[in-house]
Amino acid sequence: MLTQEQNELLTRIGPGAPMGEMLREYWVPACRSAKLKAEGAPERVRLFGEDFVAFRGTDGRVGFIAEGCPHRCASMALARNEGDGLRCIFHGWKVSLEGKCVDTPTEPPERRERFAELVPVRSHPVHEAGALVWVYLGKQATPPRFPDFEFTRLPEGHVQPMRGIIRTNWLQGLEALLDSAHVGYLHSANLGSPAGRSLLKAESDYMLNNGAPVFEFMEQPYGFREGALRDQEEVSYARVREVALPYFSFIPMTPGGPGLACCSIPIDDVTTAQWYIMFNPSAPMEPSRMSTFGTWSGDPDHFNADMGSRENTWNQDRAAMKAGHWSGIVGRGNAYEDFIVQESMGPIVDRSKEFLGSCDHVIIRARSQLLRAIKRYEETGEVSFAGPDVDFGRIRAISFAFAKGGDWREIDAFNPPAIAAE
Ligand code: FES
Ligand SMILES: [Fe+2]
């Protein structure tokens with residue numbers, strides 16, 4: 001439970017809000033790289049309650065500027081992409097890939113060039129990695145170190161990012177990505193079905209057999225590592241999640257198979273991009289792996305577009321529930337179940353009304369680390385979770401079974417014990 005003041009502090013991300021200012025100090029995914037074609041249409045991107053456009057030039061570089069034209073704010077999403085910059089269709093002013101105003105043809109020829117130099121343009125640094133365009137929206141003149149997670153070091157075909165959009169605040173999204181206790185309940189129908197399951201049968205059974213995992217934590221310079229431990233008759237089963245604050249949760253996946261990194265990126269106070277980034281270090285990803293988890297909208301930039309809403313109770317199927325389906329969210333992957341539950345809490349859940357239990361240790365930990373990070377940022381300007389001691393490339397979440405009485409902390413995520421396929 002939080003006070004209403006703490007809840008406001010953690011959730012409000014607009015310009016000037018303490019959390020908004022701190023969160024802008026981290027690189028964030030803006031859009032899929034594949035979305036931007038050389039000399040193609042600019043892509044509208046909304047982040048932290050502000051509107052931008054991203055576009056790709058002839059040479060492949062990406063520009064990222066405010067959506068409103070620096071002249072009189074016409075949308076640059078309508079602009080002509082001239083290969084080295086965008087030209088506004090209203091009066092022909094042009095902004096270069098580097099984010100400078102380079103032409104103002106409505107000015108008299110003798111002062112046109114000098115005048116253009118005076119026009120302020122809002123632009124931001126970008127970096128492409130992991131099949132994504134990332135942007136830095138913070139205040140530092142030199143952008144901070146890029147978080148070069150394992151998936152950002154892979155060739156583009158090995159990474160498959162998909163974006164879900166939820167009508168809730170970013171922290172609700174993040175908290176669902178941290179919560180391991182719900183898996184054996186909310187996702188139990190998927191766990192129990194060969195088609196819906198994303199894990200080995202043995203692992204699904206481990207989770208269905210023990211619905212009250214014990215949580216253990218290891219503090220890390222990027223956040224924390226969480227072991228969700230489910231004792232079985234013969235062995236212990238560990239799901240080791242990596243939480244790279246403020247945005248990322250690496251979901252434990254079966255060793256040797258594709259990995260999954262998820263993050264919760266604010267679009268505005270009550271809308272959030274949930275990126276599901278699937279990646280395979282050892283082989284290219286199969287096309288649209290998302291479809292193996294159930295039906296989805298088919299749009300990788302809004303994969304849950306057909307999820308429904310409060311008005312139709314998110315298409316929940318009561319007849320299926322009577323017939324034994326747990327959630328009534330039928331034929332969909334786990335992400336739809338997660339998103340629907342998050343939206344059902346309301347746009348910004350009032351955390352002063354909660355009553356937390358043992359299964360909530362992980363979100364309590366994340367909230368207190370975030371509150372400490374805001375305080376530190378406000379007092380010193382220093383950013384947490386991204387110091388020189390963080391080795392982003394060595395963050396990997398896995399699941400494994402191990403001998404009872406053993407210590408999950410000693411398992412190397414890059415060399416873990418295998419789990420029997422059946
Ligand atoms: S509003 Fe863009 S050139 Fe005038
Ligand atoms: Fe979930």
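In this predicted model, strand 2 (residues 43-47) and strand 3 sit side by side in the antiparallel sense, joined over five bridges. One pairing to look for is Arg-44, whose bridge partner in strand 3 is Val-53. The link between strand 2 and strand 3 is a hairpin with two residues between them, and Phe-48 in that turn has a positive phi of about 55 degrees.

Strand 3 also has a neighbour in strand 4 (residues 62-66): the two run antiparallel and are joined by five bridges. Here Phe-52 stands opposite Ala-66 of strand 4. The hairpin of strand 3 and strand 4 has five residues between the strands, and Gly-60 takes a positive phi there, near 95 degrees. As for strand 3 itself (residues 50-56), six of its seven residues are buried, so to speak mostly covered.

Next comes the metal site. The iron ion (ligand 2) is held by NE2 of His-182, NE2 of His-187 and two OD contacts from Asp-338, at 2.1 to 2.5 Å. Angles subtended by the four donor atoms go from 57 to 147 degrees, which makes the arrangement around the iron ion irregular. Along the sequence, the donor residues follow the spacing H-x4-H-x150-D. His-182 lies in the loop between helix 4 (170-178) and helix 5 (183-186), while Asp-338 belongs to helix 9 (residues 334-344), so the pair ties together parts that are 156 residues apart in sequence. Both His-182 and Asp-338 are buried.

Definitions and conventions:
Residues numbered from 1 in each chain as written. Chains lettered and ligands numbered in written order. Predicted model: local features only at pLDDT ≥ 70, side-chain atom pairs only at ≥ 80, totals over all residues. Heavy atoms only, no water. Buried < 20%, exposed > 50% of the residue type's maximum accessible area, 1.4 Å probe, protein only. Helix = DSSP H or I, 4+ residues; strand = E, 2+ residues; numbered from the N terminus. Pairing = 2+ DSSP bridges. Donors = N, O, S within 2.8 Å, 3.2 Å for Na, K, Ca; no water. Tetrahedral: all angles 85-135°; square planar, octahedral: opposite > 155°, others 65-115°.
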